[in-house]
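Q: I should like to learn how to read a model of a protein with a ligand, feature by feature. Where should such a reading begin?

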Amino acid sequence: MKIVFATGNRNKVKEAEEILGKGFELVTPVEAGIDEDIPETANSFRGNSLQKAKYIYEKTGLNCFADDSGLEVEILGGAPGVHTARYAGESRDSDANMDKLLLEMARREGEATAMRGLGISTPHATRRARFRTSVTLILGGETFFFDGTMEGTISLEKRGAHGFGYDPVFLPLEAGGRTSAELSDEEKNAISHRGKAMRAMAEFLRSKIEGK
Ligand code: IMP
């Protein structure tokens with residue numbers, strides 16, 4: 001089955017091909033004739049993945065899927081959320097993003113300590129965080145959603161050289177004290193938000209094909 005994946009990222013295409021397995025031919029938007037940037041202006045991960053998938057479907061009429069991911073940090077009230085990629089600015093610089101995150105968290109923690117010093121009761125800060133992925137699949141004109149999360153905490157400093165984005169400051173609950181950047185690709189895919197959402201979609205697609 002030919003299916004358009006709304007990404008320009010070759011690594012993501014490779015990862016999705018491995019998860020989907022035989023029987024699926026993945027095509028990028030450019031290969032499907034879409035040269036322009038696909039809009040991504042919603043205020044939720046699901047909203048963004050739906051917006052991207054709908055855009056491709058309306059332009060091409062082909063089966064397609066899109067994903068959208070980000071990080072939610074409890075002490076920051078769920079930020080950076082849909083702003084994860086551009087948290088420290090349009091350059092999407094991972095180091096700048098992580099520095100801003102560690103700084104904002106330290107600032108909030110400092111504020112909470114100061115409030116407690118003044119006798120104002122404040123809940124104790126946690127470093128809990130989660131990555132979320134939302135995948136929207138449009139198949140034969142029908143829309144389906146698949147979600148995945150990876151729970152964890154934010155470390156005090158960057159560690160590890162694998163992965164991308166915020167991996168050096170994310171400690172997955174299931175990784176025994178290592179950051180995501182200290183996991184191999186296989187280890188990370190087995191527990192990651194994107195891995196979970198993509199495997200859920202793959203299982204659904206295979207059941208559709210086998211059911212026919
Ligand atoms: P996207 O929607 O997959 O492009 O993800 C948005 C942003 O979230 C990325 O630019 C990264 O900064 C961050 N992100 C998403 N997934 C991960 C991950 O697995 N590890 C680290 N950062 C991630």
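A: Begin with the secondary structure: helices (H or I, at least four residues) and strands (E, at least two) are DSSP runs, numbered from the N terminus. The model is predicted, and its protein chain comes to 5 helices and 6 strands.

Q: In what order do the elements of the protein chain run from the N terminus on?

A: The order is β-α-β-α-β-α-β-β-β-α-α. As for overall dimensions, a box of roughly 65 × 35 × 30 Å along the principal axes is filled by the C-alpha atoms of the chain.

Q: How is the surrounding of the ligand to be read, and which residues come nearest to the ligand?

A: A residue is near a molecule if one of its heavy atoms lies within 4 Å of it. Here 13 residues are around the ligand, and Lys12, Ser69, Asp167, Lys188 and His193 come nearest. By character, the shell divides into 4 nonpolar, 4 polar and 5 charged residues. Strand E3 (64-73) and helix H5 (193-211) each supply at least two of the shell residues.

Q: Which polar side-chain atom lies 2.7 Å from an oxygen atom of the ligand?

A: A polar contact is a pair of N or O atoms within 3.5 Å. The atom in question belongs to Lys188. Ser69 takes part through a backbone N or O atom, 2.9 Å from a ligand oxygen. In the side chain of Asp68, an N or O atom is 3.4 Å from an oxygen atom of the ligand. On its own the ligand has 480 Å² of accessible area, of which the protein covers 88%.

Q: What space does the ligand take?

A: The ligand takes the space of the largest pocket.

Q: How should one read a residue in a loop, and what does Asn63 touch?

A: One places the residue between its flanking elements and then lists its contacts. Asn63 is in the loop between helix H2 (45-60) and E3. Leaving aside residues up to four places away in sequence, Asn63 touches Met1, Lys2, Ile3, Val4, Ile138, Leu139 and Gly140. With Gly140 there is also a polar pair: a polar side-chain atom of Asn63 lies 2.8 Å from the backbone nitrogen of Gly140.

Q: Which backbone angles deserve attention, and where is the peptide bond cis?

A: Omega and phi are the angles to inspect. The bond from Ala79 to Pro80 is cis, with omega near 0°, and Pro80 has its place in the loop between E3 and helix H3 (94-117). Arg92 also lies in the loop between E3 and H3. Although Arg92 is not a glycine, its phi is positive, at about 55°.

Definitions and conventions: Residues numbered from 1 in each chain as written. Predicted model: local features only at pLDDT ≥ 70, side-chain atom pairs only at ≥ 80, totals over all residues. Heavy atoms only, no water. Polar contact = N/O pair within 3.5 Å; in protein donor to acceptor, adjacent residues only side chain to side chain. Areas by Shrake-Rupley, 256 points an atom, 1.4 Å probe, with all protein chains shown as cover. 1 Å grid on protein atoms, 1.4 Å probe; cavity = no way out; pocket = protein on both sides within 12 Å on 5 of 7 lines; lining within 4 Å. Sits in = over half its atoms within 2 Å of the grid points. Nonpolar A, V, L, I, M, F, W, Y, C, P; charged D, E, K, R; others polar. Contact = heavy atoms within 4.5 Å.
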